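Me: Please take me through one part of this protein in close detail. I would like to know what packs there and what surrounds it.

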Amino acid sequence: QIFNQHNAEAPNLEQAFHRMAQMEPNLDHDISWFLLPSYWAKMVVALISFLCFANSYDGDFVFDDSEAIINNKDLRAETPLGDLWYHDFWGSKLSSNTSHKSYRPLTVLTFRINYLFAGGFYPVGFHVINIILHCTISVLMVDVFSILLGGLQFSNKGRRLNLAPKSSLLAALLFAVHPVHTECVAGIVGRADLLCALFFLLSFLGYCKAFRENKEGHTFSVFWVLVSVILGAIAMLCKEQGITILGLNAVFDALVINKINLLELIRKLLCKDKSLENAGLLRKGLLFRITLLMCGGAGILYIRWRIMGTGPPAFTEVDNPASFADSLFVRAINYNYYYSLNAWLLLCPWWLCFDWSMGCIPLIKSVSDWRIIALAALWFCLIGLICQALCSEDSHKRRILTLGLGFLIIPFLPASNLFFRVGFVIAERVIYLPSIGYCILFTYGFSLLSKQAKKKKILAVAVLGILLINVMRCALRSSQWRSEEQLFRSALSVCPLNAKVHYNVGKNLADKGNQSAAIKYYREAVRLNPKYVHAMNNLGNILKERNELHEAEELLSLAVQIQPDFAAAWMNLGIVQNSLRRFEEAEQSYWTAIKHRKKYPDCYYNLGRLYADLNRHIDALNAWRNATVLKPEHSLAWNNMIILLDNTGNLAQAEAVGREALELIPNDHSLMFSLANVLGKSQKYKESEALFLKAIKANPNAASYHGNLAVLYHRWGNLDLAKKHYEVSLKLDPMAPGTKENYNLLRRKLEQLQKKGG
């Protein structure tokens with residue numbers, strides 16, 4: 001009976017505790033919104049976040065995905081796993097001066113696992129993981145917002161109570177459907193931000209788990225504090241922003257656990273009040289926990305610094321022009337303008353762009369620039385919020401506003417240019433975590449409006465409308481991220497002054513073979529940024545292929561003049577000079593390219609072609625050999641070696657090189673064809689025939705393959721087969737050089753044989 005009575009009373013005790021907790025001010029009292037059980041709230045958030053970005057699941061690899069995934073050797077099985085810990089996000093050694101210094105080994109590890117399970121570079125698996133991660137994060141946000149908006153309270157059984165179910169659901173939905181998150185979800189490289197956010201939230205929830213209420217009073221678990229520090233370290237190994245969770249945990253501890261009044265604390269510090277312990281500094285182990293967080297953070301940063309090896313990365317002026325301004329005033333004004341634009345993207349995420357650099361946002365150089373208004377508006381709002389967060393007599397209001405500002409500002413600090421120069425002007429992906437603070441402030445603002453409004457349902461409908469518009473905007477933006485063409489073209493209307501946007505549109509068109517349209521965009525990129533060497537190089541390449549050699553030479557010469565260590569431009573300049581028959585200048589350009597890029601197989605290949613044109617056969621062979629040493633699968637270099645040795649009568653050496661090449665690239669039909677020619681001349685007809693047939697099977701529409709096989713049969717005496725392949729060759733290419741003459745010779749010979757037989 002006692003046992004049954006105890007079980008019956010337990011729910012009543014829990015309900016009483018819940019009622020006591022709800023006696024404090026609560027946002028849910030004023031909000032006209034849906035009240036759902038926790039499980040259903042999380043299901044709704046997961047479903048809606050999935051619907052927002054579901055259409056990105058079968059998108060391509062776009063923009064930075066090429067460098068971070070396709071061209072990243074760290075994803076391949078032959079790269080030792082240990083190398084991930086010494087390489088940056090893009091696969092370069094951290095110790096290199098050219099490294100980006102973005103250290104995200106756990107993110108790269110997930111890419112590698114994706115690659116392994118997919119059996120190659122198939123984007124669907126990569127996209128699906130990103131969508132799942134965002135859905136998971138959005139679901140976790142329900143719990144996070146319930147703590148941030150409703151406070152941290154536990155039942156007598158130690159179960160955490162959700163004291164703000166309506167407002168936490170609203171805030172989680174705002175987060176889940178925010179269009180500014182599209183870059184992180186639909187762009188595969190955004191996984192760094194998603195993984196960072198996941199462990200960031202787990203660290204926060206772990207820190208909250210450190211506190212339990214029992215009969216003896218408020219206690220905490222050192223174990224869970226340490227777990228929180230470890231999860232913060234894992235977040236930083238996914239992306240650098242993750243370290244900021246340790247600071248936010250400290251802020252949360254001071255405001256929510258210890259209920260410190262910051263203004264009162266500052267006043268006591270200034271007055272050197274001896275009763276600081278009464279302000280909460282030493283209560284409930286706060287000082288000890290903050291010491292743990294600080295020591296953990298310092299240790300993580302020290303290890304990160306040691307691994308990085310050298311100083312910060314070297315960015316260029318086009319990446320972040322404000323940071324290169326000579327005037328401190330100009331730098332400060334423009335940094336603050338960038339902050340206001342980030343704030344605007346949170347408030348009105350309609351104009352979104354994959355890249356905001358290269359003239360997209362012109363520098364503010366004087367106070368007469370009308371854009372100064374944006375700075376004034378930003379600081380007016382921030383100062384107003386800070387004053388309310390510090391000075392309000394309502395402790396509930398102080399807590400929510402301070403937490404909202406903390407989650408808005410602290411995760412953004414690594415991207416603020418305050419501590420070090422960053423490599424971008426604005427990046428939508430870095431707002432993923434700060435948007436948590438925005439959602440807190442929005443929800444609190446909605447509760448204040450609801451409190452004053454007479455028709456609360458109209459206000460609720462307006463918020464539902466905002467959510468619906470955001471869902472539609474997410475779906476539209478996700479579809480734009482499905483392919484590079486859509487992504488790049490979508491940026492033309494947002495950032496028409498961005499040279500990189502025009503460059504990327506041009507490059508995409510050039511890759512599809514539309515050179516005329518590509519030239520137009522490359523020219524516009526160079527017009528917008530006269531020092532854009534990559535646009536000059538690509539435009540010079542197209543003009544070279546169109547035989548507009550003099551303009552190509554001018555562009556490439558200007559590119560290497562602007563950037564003397566631009567190896568690709570030096571090589572392309574050499575190709576143009578070679579075409580203009582200025583061989584000495586071409587040779588010098590090639591060697592300059594190799595000087596700036598020691599391992600440059602394509603340049604050695606082109607240098608070999610130059611030497612072959614000059615009949616410097618030994619030098620040509622050495623250059624091509626260097627190309628194949630640096631890049632064993634360099635088919636063109638192998639082919640040229642075989643052909644040159646064949647043409648100079650070195651059949652035995654040509655055969656040896658051909659066999660070596662086919663061992664390395666066994667399925668290359670052009671190598672089969674070249675070696676078959678050599679074997680035919682060496683009267684190794686059977687082996688030559690086998691290689692010709694294998695090459696034809698791989699590429700049945702090559703007229704020269706059929707024509708040379710016909711010559712082999714002609715020599716071998718298999719005249720019927722020779723006739724058959726001559727006819728196939730002429731059908732594929734009626735103008736094939738020499739084939740018609742050989743075919744006519746064969747016909748005459750067959751006619752003579754028929755006459756003799758008759």
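Reply: A residue counts as buried when its relative accessible area is under 20%, and as exposed when that area is over 50%. Keep those cut-offs in mind. The model is predicted.

Start with the loop between helix H13 (328-347) and helix H14 (372-391), which holds phenylalanine 354. Phenylalanine 354 has a relative accessibility of 4%, so it is buried. Its partner is phenylalanine 488, in helix H18 (residues 484-494). Phenylalanine 488 is at 2%, so it is buried as well.

How many aromatic pairs does the ring-pair rule count? The count is 28. In the pair of phenylalanine 354 and phenylalanine 488, the ring centres are 5.0 Å apart and the planes meet at 50 degrees, so the pair is tilted. Stacked would need under 30 degrees, and edge-to-face over 60. The two residues sit in parts 134 residues apart in sequence, so their contact ties those parts together.

The loop between H13 and H14 also holds methionine 358. This residue is not a glycine, yet its phi is positive, at about 50 degrees. Most residues other than glycine have a negative phi. Methionine 358 has a relative accessible area of 11%, so it is buried. For contrast, look at arginine 581. Its phi is also positive, near 65 degrees, and it is not a glycine either. Arginine 581 lies in the loop between helix H23 (567-579) and helix H24 (583-596). At 61% relative accessibility, arginine 581 is exposed.

Now the helices on either side of the first loop. H13 and H14 both help to line the second largest pocket, along with helix H15 (395-409) and helix H16 (435-452); each of these gives two or more residues. The volume of this pocket is about 1400 Å³. Its lining has 48 residues, and Tyr339, Ser340, Ala343, Trp344 and Leu378 lie nearest the centre. H13 gives the most, with 11 residues. By class, the lining of the second largest pocket has 39 nonpolar, seven polar and two charged residues.

Tyr339 turns up again in the lining of the second largest cavity. That cavity has a volume of about 40 Å³. Others in its lining include Tyr338, Asn342, Phe412 and Phe424. The split is nine nonpolar, three polar and no charged residues.

Phenylalanine 424 has a further contact. The charged end of arginine 429 sits over its ring, 5.7 Å from the ring centre. Arg429 in turn helps to line the largest cavity. About 90 Å³ of space lies in that cavity. Among its other lining residues are Asp64, Asp65, Glu183 and Trp481. By class, the lining of the largest cavity has five nonpolar, two polar and four charged residues. The whole structure has four cavities of 30 Å³ or more.

There is one more arginine over a ring to check. Arginine 473 lies over the face of tryptophan 350, at 5.0 Å from the ring centre.

To sum up the starting point: phenylalanine 354 and phenylalanine 488 form a tilted pair, and methionine 358 lies in the loop between H13 and H14.

Definitions and conventions. Residues numbered from 1 in each chain as written. Predicted model: local features only at pLDDT ≥ 70, side-chain atom pairs only at ≥ 80, totals over all residues. Heavy atoms only, no water. Phe/Tyr/Trp six-rings, centres within 6.5 Å; stacked < 30°, edge-to-face > 60°. Helix = DSSP H or I, 4+ residues; strand = E, 2+ residues; numbered from the N terminus. Buried < 20%, exposed > 50% of the residue type's maximum accessible area, 1.4 Å probe, protein only. Lys NZ or Arg CZ within 6 Å of the ring centre and 35° of its normal. 1 Å grid on protein atoms, 1.4 Å probe; cavity = no way out; pocket = protein on both sides within 12 Å on 5 of 7 lines; lining within 4 Å. Points joined across faces, edges and corners; volume = space filled by probe spheres on them. Nonpolar A, V, L, I, M, F, W, Y, C, P; charged D, E, K, R; others polar.
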